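Me: I am new to this structure. Please pick a single part, look at it closely, and then show me what surrounds it.

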Amino acid sequence: MLFVPLAIRIYPPWLVGFLSGAYVRMLHMDADIEIRKEIEGKNISYIHFDRRIKLTNHLWCCITNKQWVLRHGFYPFIHFKRPKYHKSWSTDSSGKRIWKDEGPKYRDILYAAHKDAWIYRYYGALFNRKYNRYLGNRNIDDCSIAYRTNKKGKSNISFAEEALAFIKFHKPCYVIIGDFTHFFDFLDHAYLLNQIRYVLDSQYIPDDIYYVLNSLLHYSYVDYEGITSYKGMTHQQLCQCQTVLTNQEFRILSRKKQRESKDDKFIIKVNREHFGIPQGSPMSGVLANIYMIQFDEKIFELVQSYHGIYRRYSDDFIIAIPEKYITEEQYQQMIHQLQEIFNQRSTNTGKYLVKLSPEKTKKYRVSANLIIYNEQKEHGIISFLGFSYDGKSVYIKDSSVRRYYSHAYSKADHVVKQNAQLSQLKKNKRRTTNLYTLYSISGLYRNSSKSKRGSNFPVYSQRAHFIFQKNFKSENQTGLVAQRHMRQLRKRLNSPK
């Protein structure tokens, strides 16, 4: 006699179907509650075309409603140029090491409107769940380490420590450091959509998801410089407003959408290429990870065959392979295989799917006594995720430390200048509260509630020292900034200007 479930024998089919559907809906509700808890704590501080808005119950009902999303009109992104000053060590005529300023480089960041950003956060969280499940089923969950939601309690400090500790304990070994040029600008749209179908396990992308994706693939944007020029306001003045433009001013901007004057920055520009997504949207990180799935899988299988590790943090990656598992000939063959993987071209545009940066892609050999050699057989330094390792000590990258002190000293000099002006007015008020809050541990903790501690560079240095202390007890110099910063700040404040 065949076994018949009790529910089917007792209850009519229509009731069984209803109960099953209710159970599925309950699971979706639980997942949505988890997603809401995950995204609702995001801080929104920048100014945009619409007003700043928190994730209210009404807004949550809207962004989880597919029909509402399909009717939603996305605002253009606002394009910011963030200066990234590039400095490097050099030597003067006397042989003394000095910092050489190679001029500013700019990173293009595009911010979404506030309501649009909540939509991107919600759909990004949905994609992250699918992406985590996809990697878990293929046992490659450890490869991709950026923009992940299942790596709670871990940061770039933990990932850097893991990679550098592997190098230390598996010497002698080969190490490859890589970086992709203009990573987000190179993402091919057709290839990305194909990878999304793999993650969704469906050849059909739902209408609401495709509509949201299309707003990122063919995004429009306005240069922030054009807005400030049109308004005749500084950044500080504009940030005091509720929106960057009034409704009437935005209509004027919309009418100028078709004008192609290069001199006029106050115009809506559209990405009409078949590649590139905006860097800075809440959804771009997970889309970049999905884009790299096939690359990660192929590289992982190749590196794993030699008992090595492969880790990719957005556009930075590291490969380390113990020398005892690979011969010199096999190593050269592996490099050739890696080149073939990275040299894949788009069938749609013919462009490379990714492009390695020649300046930032380097190869090293770590000897048995932890001497690091670069390709020129000279002593080298391995840097990954903001940390450097020279075989004798591990520390925060010099450029990061120098940037911190540069900003802190600039703020301290401003305080000294203010105090000089106040002393002339026979006022002795020292304005150091903001300085210490931004650039010291004591000031940050003093001005933060116990329930919600902030963070700054000295706190970051302190946290790094704690994490690296596990495997780099004698070599750990990551906490030097946390130890010295107060003395340096007071010295700067007391120095005459």
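Reply: Start with one term: two strands count as paired if DSSP finds at least two bridges between them. Note too that this is a predicted model. The part to look at is strand β3, residues 173-179.

First, its neighbours in the sheet. On one hand there is strand β8, residues 362-366. β3 and β8 pair in the antiparallel sense, over five bridges. Find V175 in β3: Y364 of β8 stands opposite. The other partner is strand β7, residues 316-322. Seven bridges join β7 to β3, and these two strands also run antiparallel. Find C173 in β3: its bridge partner in β7 is P322.

Now step back to the whole sheet. It is open, with five strands and antiparallel pairing. The order is β6-β7-β3-β8-β9. The edges belong to β6 (309-313) and β9 (372-373). Each edge strand has a single partner, so one of its sides has no neighbour in the sheet. A helix also packs on this sheet: α13, residues 293-304. α13 touches β6 and β7, and its direction makes about 155° with that of β6.

Back to β3 and its side chains. In a regular strand, side chains alternate between the two faces of the sheet. Here C173, V175, I177 and D179 point one way. Y174, I176 and G178 point the other way. Are these residues buried or exposed? All are buried, whichever way they point. The cut-off for buried is under 20% relative accessible area. Seven of the seven residues of β3 are buried, so the strand is largely enclosed by the rest of the structure.

Next, look at what leads into β3. The loop between α6 and β3 holds P172. A cis peptide bond joins K171 to P172, with omega about -10°. Most peptide bonds are trans.

Before that loop comes helix α6, residues 156-169. Which helix does α6 cross? It is α18, residues 457-468. Two packed helices are described by the angle and the distance between their axes. The axes of α6 and α18 come within 10 Å and cross at roughly 35°. The crossing is right-handed. From α6, the contact is made by N156, I157, S158, A160, E161 and L164. From α18, it is made by Y460, R463, A464, I467 and F468. By type, the residues of this contact divide into seven nonpolar, two polar and two charged.

Last, the nonpolar cores. The largest has 92 residues, and I196 and M283 touch the most other members. Helix α5, residues 114-137, gives this core its largest share, 11 residues. Leaving aside neighbours within four places in sequence, I196 is in contact with F127, I205, L213, L287 and I290. A second, separate core has 46 residues. Its members include L164, A320, V394 and A408. L164 has come up already: it takes part in the contact of α6 with α18.

To retrace the path, begin at V175 facing Y364. Move across to C173 and P322. Then go back through P172 in the loop, and end at the crossing of α6 and α18.

Key
Residues are numbered from 1 along each chain as its sequence is written. This is a predicted model: local features need pLDDT of at least 70, side-chain atom pairs count only at pLDDT 80 or more; totals for chains, interfaces and linings use all residues. Side-chain values use heavy atoms; hydrogens and water are left out. Buried means under 20% relative accessible area, exposed over 50%, partly exposed in between (1.4 Å probe, protein chains only). Helices (H or I, at least four residues) and strands (E, at least two) are DSSP runs, numbered from the N terminus. A nonpolar core is a set of buried Ala, Val, Leu, Ile, Met, Phe, Trp, Tyr and Cys residues joined through side-chain atoms within 4.5 Å. Contact means heavy atoms within 4.5 Å. Axes are lines fitted to C-alpha atoms, for helices over the stretch in contact, and angles run from 0 to 180 degrees between N-to-C directions. A crossing is left-handed if the near helix is turned anticlockwise from the far one by less than a right angle, and right-handed if clockwise. Ala, Val, Leu, Ile, Met, Phe, Trp, Tyr, Cys and Pro count as nonpolar, Asp, Glu, Lys and Arg as charged, and the others, Gly among them, as polar.
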